Amino acid sequence: MVPEEFQTSLKRAIDSKTKPVGSLGRIETLAAQLAMIQNSLKPVAERCQLTIFAADHGMARAGVSAYPQDVTRQMVANFLAGGAAANVFSKTLGVEVQVVDCGVAGDPIETAALRSCRIAAGTANAIERPAMNAHQCASALANGRQIGLEGRHHAACFGEMGIGNTSSASLIAAKILGEPVDELVGRGTGLEADGVRRKRTLLESAASRTPAQLTPVEALTEYGGFEIATMAGAMTGAAESGKIVIVDGFIATAAALCARKIFPGCERNFVYAHRSAEAGHKRLLDALNATPLLDLDMRLGEGTGALLAWPLVQAAAAMLRDMASFDSAGVSGPA
């Protein structure tokens, strides 16, 4: 809990800036959150890191995606070469990038540029059986927590790559929230209407294997991806180490849902970047009572939405830290 005295000082600091009270809207709310994360009236947001977690899903081979499973591995190579949207945004914004193999199908990718937290060569087909076992889930969460704890950057953006992972996120969210999965199914990588209907049917079959509501660890074990479980762990580790956690789109928000329930309190550090065009994301944000900063009709993943929110985080910190007050600027305040 934030001490009442600090909250009073924080409100006074924001309201005394050279502007009408409340005139910076959500930026003021964000600035207050950053101050409480860092326990400082002069929050700092200068360094940010994007971590992209990659892994494959056994259910991809059942036809839940418009793209073949090979694309996961190909996109890892694209990230390492600097050619993806996440790389372009990161370079533009001065954000460092690391890519993590959590379980890409096929043989291990041998390159020093890729961090290996590899659990297995992809999950099992969750439509028919559990995606992973309890030990694998625990290992992924632990790997992620270690990644989140590392580094001296002020903010952490987390992205993902894994063909089939919107299906995984839909099932995880449905089972934790206790809702029908068909209400959380969307186009994913760009399915047309027939593809969405097929995906919905497959996911309803997968959901029928287990009780209507599961714990987060159970949901990850039954339906998760190694990249989603690792991301959930990373969010908890980053929050534990005092970092600002910028939560990306639908898949990242499903990971955040798991993180919040496994490690209560970490959500105080979560800044929700954007509202994805993916069908289930609005429902998930509503369930978390989370209001994202942006709504750009995006549904790419990779951490791209989180990256685009980073300048707003920087601006909010700078406003509270550097903007003059009426007293310091010699400006007359409201009558």
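This report describes the largest pocket and the largest cavity of a predicted model.

Residues are numbered from 1 along each chain as its sequence is written, and side-chain values use heavy atoms, with hydrogens and water left out. In this predicted model, local features need pLDDT of at least 70 and side-chain atom pairs count only at pLDDT 80 or more, whereas totals for chains, interfaces and linings use all residues.

The largest pocket (an open set of points on a 1 Å grid over the protein atoms alone, with protein on both sides within 12 Å along at least five of seven lines) has a volume (the space filled by probe spheres set on points joined across faces, edges and corners) of about 620 Å³. Its lining (residues with an atom within 4 Å of a point) comprises 22 residues, of which Gln33, Glu267, Arg268, Asn269 and Phe270 lie nearest the centre. Helix 2 (26–38) and strand 6 (270–272) each supply at least two lining residues; helices are DSSP runs of H or I with at least four residues, strands runs of E with at least two, numbered from the N terminus. Helix 2 gives the most, with 6 residues.

The structure holds 1 cavity (points where a 1.4 Å probe fits but cannot get out) of 30 Å³ or more. Gln49, Thr51, Ile147, Gly148, His153, Ala156, Phe158, Ala238 and Lys243 line the largest cavity. Strand 1 (48–55), helix 5 (134–149) and strand 4 (155–161) each contribute at least two of its lining residues.

In the table, Ala, Val, Leu, Ile, Met, Phe, Trp, Tyr, Cys and Pro count as nonpolar, Asp, Glu, Lys and Arg as charged, and the others, Gly among them, as polar.

| Space | Volume | Lining by class |
|---|---|---|
| Largest pocket | about 620 Å³ | 12 nonpolar, 6 polar and 4 charged residues |
| Largest cavity | about 40 Å³ | 4 nonpolar, 4 polar and 1 charged residues |
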